[in-house]
Amino acid sequence: MVAELLKAEHAVSLVHRRPKHDLGRRVKNIVADRNDAAAMKAALAGKQFDVVFDHVYDWERGTTASNVESTVRAVGGNFQRYVFMSSVAAYGDGLNHHEGDALAADDAPELYVRNKAMSERALFRLHQRIGLPVVTIRPPFVYGPGNPFYREAFFWDRLRAGRSIILPGDGRRLMQFVYAKDLIRACLRAVQEPAAVGHAFNIANSRPISQTEAVEAFAKAANKPAKFVRIPREYLLRAGGHPMGPKLYFGMYFDMPPITQVTAKAQRVLKFKPTDFVTGLKETYKWYLRHNDFPKPDFSFEDTLLASAPVLVPAKV
C-alpha cells in the first residue's frame, strides 16, 4: 500500500507502535498504540489527512469496535475516505456471501470474527449518523510477496524438499484467495470511486477452490510435483496439530471452515479484476526464493504423522 501511494506522489504517514519503520524517509512516522484512545488522540492532534487506511489488527489483544471508533475520533477533520480492512471472517460462516448478508453476531465465539463484524457495524452506524465516508473491504486468504504468515512458504518448503503434503481429510474443504496487489488496487479504487462510500466490498478471486486444488497451484507455480497423503482431520487435531501452530500441518491458519463470497459488486462498482491465481503465485514464488525469512522448517511433527497416522484413500469419482 505504501509503495503504491508513494508511486502516485501522495504524502504518507504511518501510525504504529514502533519508534521507526523501514519504508523510507518520505513516510512520516507517528508512534501510538491504536488500542490506547488517549495516545492516538495525542499523536494525531493538529494533523489533517485526506484518506485513512485502517489496516491493522492486534492479534494479541484484539482490536475492538470501540478501538476503531476511537481511531475515527482521533483522526477527526474532514477526510474524504475511511477505508477499513475487514475480512470474509466477518460473515462468521457460510458459502456464497453477498455484501448485504448478515454479519456474525456480537456474541460470535471467535474473537477475531466478532471484532471484525462489530467494527463494521460501528462504522456504518457512524456513516448513517454523521456521514462518515467509510468503505469496508472483506478479503479472504491474502497471498503475495511479503506475506508475514507461514502459508505459501509452508508448502514451497515442503515441495522443494520432495516431501508429501498432508491433506486434512479428503482435501475438499473450500478456500478463496486474493492477490495482495489486487487487494491494494481495490482499496485505492475505493478512494477514487464516489459510489463506494457507505458500502462493503468482497474482494477475492471469483472462484473458490479446494485445498487439493490450492496445493496443486502452489506446486505448479514452483514447477514441482505434488504428492499427497490424506489424514483424517480429527486425528491431526488429536495428535496436537493446530491451524495456528506451533504444530502446523497445512500452513498457518489455513485449515479453517470454509467461508466463501461473491464478488460481482466489486467487479461492477470498483471495476475489480483479480489476477489469475497461478500467475500471482509465480510472482510470489520469485519473491519467496529471494526473501524466505521464515525459520528453517521442522518436519518432525509431520514425520510422526506420516509414520503412524491412518491414511484416507481418496474416493474414486
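This passage describes helix packing and two individual residues in a predicted model.

Helix H5, which spans residues 152–160, is mostly covered, in that 8 of its 9 residues are buried. The buried positions are Glu152, Ala153, Phe154, Phe155, Trp156, Asp157, Arg158 and Leu159, a list in which charged side chains such as Glu152, Asp157 and Arg158 stand beside nonpolar ones such as Phe155 and Trp156. The elements that cover these buried residues include two strands, S7 (141–143) and S8 (165–168), together with the helices H7, H10 and H11, the last of which runs over residues 300–308. Just after H5, glycine 162 adopts a positive phi of about 70°.

Among the elements that cover H5, helix H7 (residues 211–222) can be described in further detail. The axes of H5 and H7 come within 10 Å of each other and cross at roughly 65°, and the crossing is right-handed. On the H5 side the contact is formed by Glu152, Phe155, Trp156 and Leu159, which meet Val215, Phe218, Ala219, Ala221 and Ala222 of H7. By class, this contact comprises 8 nonpolar residues, no polar residues and 1 charged residue. The spacing of such contacts along a helix can be read against a general property of the fold: an α-helix has 3.6 residues a turn, so residues three or four places apart point the same way.

H7 also packs against helix H10 (residues 277–291), with axes that come within 8 Å and cross at roughly 55°. Because angles from 65 to 115 degrees count as roughly perpendicular and those under 35 degrees as roughly parallel, H7 and H10 are therefore oblique to each other. H7 passes H10 in a right-handed crossing. In this contact, Ala217, Phe218, Lys220, Ala221 and Ala222 of H7 meet Phe277, Val278, Leu281, Lys282 and Tyr285 of H10, and the residues divide into 8 nonpolar, no polar and 2 charged. Phe218, Ala221 and Ala222 of H7 take part in the contact with H10 and also in the contact with H5.

A further helix pair is formed by H3 (residues 65–75) and H4 (residues 111–130), which pack at an angle of about 35° with their axes 8 Å apart. H3 likewise passes H4 in a right-handed crossing. Here Ala65, Val68, Glu69 and Val72 of H3 meet Met118, Ser119, Ala122, Leu123 and Leu126 of H4, a contact that by class has 7 nonpolar, 1 polar and 1 charged residues.

Two individual residues were also examined. Glutamine 211, which is found in helix H7, has a relative accessible area of 0% and is therefore buried, the cut-off being under 20%. Its side chain makes a polar contact of 2.9 Å with the side chain of aspartate 255. Leaving aside neighbours within four places in sequence, glutamine 211 is in contact with Leu167, Pro168, Gly171, Arg173, Met175, Arg233, Phe250, Phe254 and Asp255.

Serine 206, by contrast, lies in the loop between strand S11 (199–202) and strand S12 (209–210) and is partly exposed, with a relative accessible area of 48%. Not counting residues up to four places away in sequence, serine 206 touches Gln176, Thr263, Gln267 and Pro274. The C-alpha atoms of serine 206 and aspartate 298, which are 92 residues apart along the chain, are separated by 35 Å.

Definitions and conventions: Residues numbered from 1 in each chain as written. Predicted model: local features only at pLDDT ≥ 70, side-chain atom pairs only at ≥ 80, totals over all residues. Heavy atoms only, no water. Helix = DSSP H or I, 4+ residues; strand = E, 2+ residues; numbered from the N terminus. Buried < 20%, exposed > 50% of the residue type's maximum accessible area, 1.4 Å probe, protein only. Polar contact = N/O pair within 3.5 Å; in protein donor to acceptor, adjacent residues only side chain to side chain. Contact = heavy atoms within 4.5 Å. Axes fitted to C-alpha atoms, helices over the stretch in contact; angles between N-to-C directions. Parallel < 35°, antiparallel > 145°, perpendicular 65-115°, else oblique. Left-handed = near helix turned anticlockwise from the far one by under 90°.
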